[in-house]
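Biologist: I'd like to learn how to read pockets and odd backbone angles in a model. Could you walk me through one?

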Amino acid sequence: MSEKNRLEQFREQREIQNEKVMDLDHLGIKRFFNMDTNTYRDGALPTQTKELLGLVASAVLRCNDCIDYHLEQCAKTDSTKAEIVDALNVALIVGGSIVIPHLRHAAETLDFLEEEGILKTN
């Protein structure tokens with residue numbers, strides 16, 4: 001049995017932690033999570049664009065967990081690797097050199113998504 005990579009571990013831990021948060025049974029927390037989910041649905045902007053925006057914001061805010069989440073969502077909404085890398089370039093320009101470690105993190109996550117066959121390369 002092979003060891004789980006960082007992205008697989010993140011997914012499992014996120015699911016466990018989200019269950020713990022929901023078990024707190026707090027109306028405000030549940031409403032925030034619902035608002036977050038609904039924000040990324042198709043509207044004036046399609047979900048794919050919103051996920052790319054979420055990725056840029058996550059990189060500028062330097063949240064690796066958020067970067068992983070949005071990279072996976074970008075792949076699931078059919079963003080290509082080239083589109084994702086272009087969005088990450090925007091994050092680098094907006095956020096500056098402090099984003100570079102998170103860009104490295106994102107590059108490794110993109111490799112994981114490609115290995116899984118989730119990410120379109122063209």
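Modeller: Let's go through the pocket, an annotated domain and two backbone angles, keeping in mind that this is a predicted model.

Biologist: Fine by me. How much space lies in the largest pocket?

Modeller: About 500 Å³.

Biologist: Which residues lie nearest its centre?

Modeller: The lining counts 19 residues, and R14, N18, D36, C66 and Y69 are the ones nearest the centre of the largest pocket.

Biologist: Which helix supplies the largest share of the lining?

Modeller: That's α1, with six residues. Look beyond it too: α1 (6-23), α2 (27-39), α3 (47-61) and α4 (64-76) each bring at least two residues to the lining.

Biologist: And how do the lining residues divide by character?

Modeller: Ten are nonpolar, six polar and three charged.

Biologist: What does the UniProt annotation cover?

Modeller: The unreviewed UniProt entry gives "domain: Carboxymuconolactone decarboxylase-like" for residues 30-108. In the model that span is 78% helix and 0% strand, and its end C-alpha atoms lie 32 Å apart.

Biologist: Now the angles. Where is R62 found, and what is its phi?

Modeller: R62 is in the loop between α3 and α4. Its phi is positive, about 65°, although R62 is not a glycine.

Biologist: Is R62 buried or exposed?

Modeller: In between: buried means under 20% and exposed over 50%, so R62, with a relative accessible area of 41%, is partly exposed.

Biologist: What about D78, where does it lie?

Modeller: D78 lies in the loop between α4 and α5 (81-95). Phi of D78 is positive as well, near 75°, and at 45% relative accessibility D78 also counts as partly exposed.

How values were computed:
Residues are numbered from 1 along each chain as its sequence is written. This is a predicted model: local features need pLDDT of at least 70, side-chain atom pairs count only at pLDDT 80 or more; totals for chains, interfaces and linings use all residues. Side-chain values use heavy atoms; hydrogens and water are left out. On a 1 Å grid over the protein atoms alone, a cavity is a set of points where a 1.4 Å probe fits but cannot get out, and a pocket is an open set with protein on both sides within 12 Å along at least five of seven lines; lining residues have an atom within 4 Å of a point. Grid points are joined across faces, edges and corners, and a volume is the space filled by probe spheres set on the points. Helices (H or I, at least four residues) and strands (E, at least two) are DSSP runs, numbered from the N terminus. Ala, Val, Leu, Ile, Met, Phe, Trp, Tyr, Cys and Pro count as nonpolar, Asp, Glu, Lys and Arg as charged, and the others, Gly among them, as polar. UniProt positions are given in the numbering used here, feature names are shortened, and annotations may be inferred rather than shown by experiment. Buried means under 20% relative accessible area, exposed over 50%, partly exposed in between (1.4 Å probe, protein chains only).
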